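Let's look at how a label is earned by a value. Each turn below sets a number beside its cut-off and draws the conclusion.

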Amino acid sequence: MRHLLLICTFSAAALPAFADEPVIENATARQSGGSWSFSVTLSHPDTGWEHYADGWRVLDMEGNELGLRVLAHPHENEQPFTRSLSGVQIPNGTTQVQVQARCIVDGWGEETYILPLP
């Protein structure tokens with residue numbers, strides 16, 4: 001039993017430690033002419049240039065990317081934070097979209113935020 005405990009302890013220590021994925025706290029959309037503008041509030045335990053939330057994207061419900069907002073720097077002292085993206089083309093008849101966040105280390109988060117369009 002002691003050997004099994006040691007093996008489990010060393011096996012767990014060898015696994016990479018992943019930080020929490022970015023969380024979309026809120027998102028809004030508004031139509032302006034023929035395109036849409038999105039404001040997305042997200043949080044992530046940014047630690048500086050080596051690990052931070054570096055973007056979010058708008059997807060249709062089938063997972064096709066409609067717009068991408070790149071975040072060019074960490075926000076370790078501004079959590080949660082909101083950034084906007086305008087000029088997004090949404091196909092006619094679309095009633096909802098997904099928003100997905102990304103971090104520079106772990107990539108795209110598994111969770112998406114479902115946003116009904118007004």
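Buried means under 20% relative accessible area, exposed means over 50%, and partly exposed is in between (1.4 Å probe, protein chains only). The model here is predicted, so local features need pLDDT of at least 70 and side-chain atom pairs count only at pLDDT 80 or more, while totals for chains, interfaces and linings use all residues. Residues are numbered from 1 along each chain as its sequence is written, and side-chain values use heavy atoms, with hydrogens and water left out.

Q: Why is Glu78 called partly exposed?
A: Glu78 has a relative accessible area of 35%. That value falls between 20% and 50%, so the label fits.

Q: What makes the pair Arg102 and Asp54 a salt bridge?
A: A salt bridge needs a side-chain nitrogen of Lys or Arg within 4 Å of a carboxyl oxygen of Asp or Glu. For Arg102 and Asp54 the N to O distance is 3.0 Å, so the pair passes. Arg102 lies in strand β6 (residues 96-103) and Asp54 in strand β3 (residues 53-59), so the salt bridge ties together parts that are 48 residues apart in sequence. Strands are DSSP runs of E, at least two residues, numbered from the N terminus.

Q: How many salt bridges does a search of the whole structure find?
A: Three. Another of them joins Glu78 and Arg83, at 3.2 Å from N to O.

Q: How do you know whether Arg57 and Glu65 are buried or partly exposed?
A: Arg57 has a relative accessible area of 18%, which is under 20%, so Arg57 is buried. Glu65 has 44%, so Glu65 is partly exposed. These two residues also form a salt bridge, with the closest N and O atoms 3.4 Å apart.

Q: What makes a set of residues a nonpolar core, and which residues have the most contacts inside the largest one?
A: Such a core is a set of buried Ala, Val, Leu, Ile, Met, Phe, Trp, Tyr and Cys residues joined through side-chain atoms within 4.5 Å. The largest has 20 residues, and Phe38, Leu42 and Trp56 have the most contacts inside it. Strand β2 supplies the largest share of this core, four residues.

Q: Why is Thr94 called partly exposed?
A: Thr94 has 26% relative accessibility, so Thr94 sits between the two cut-offs. Thr94 is found in the loop between β5 and β6.
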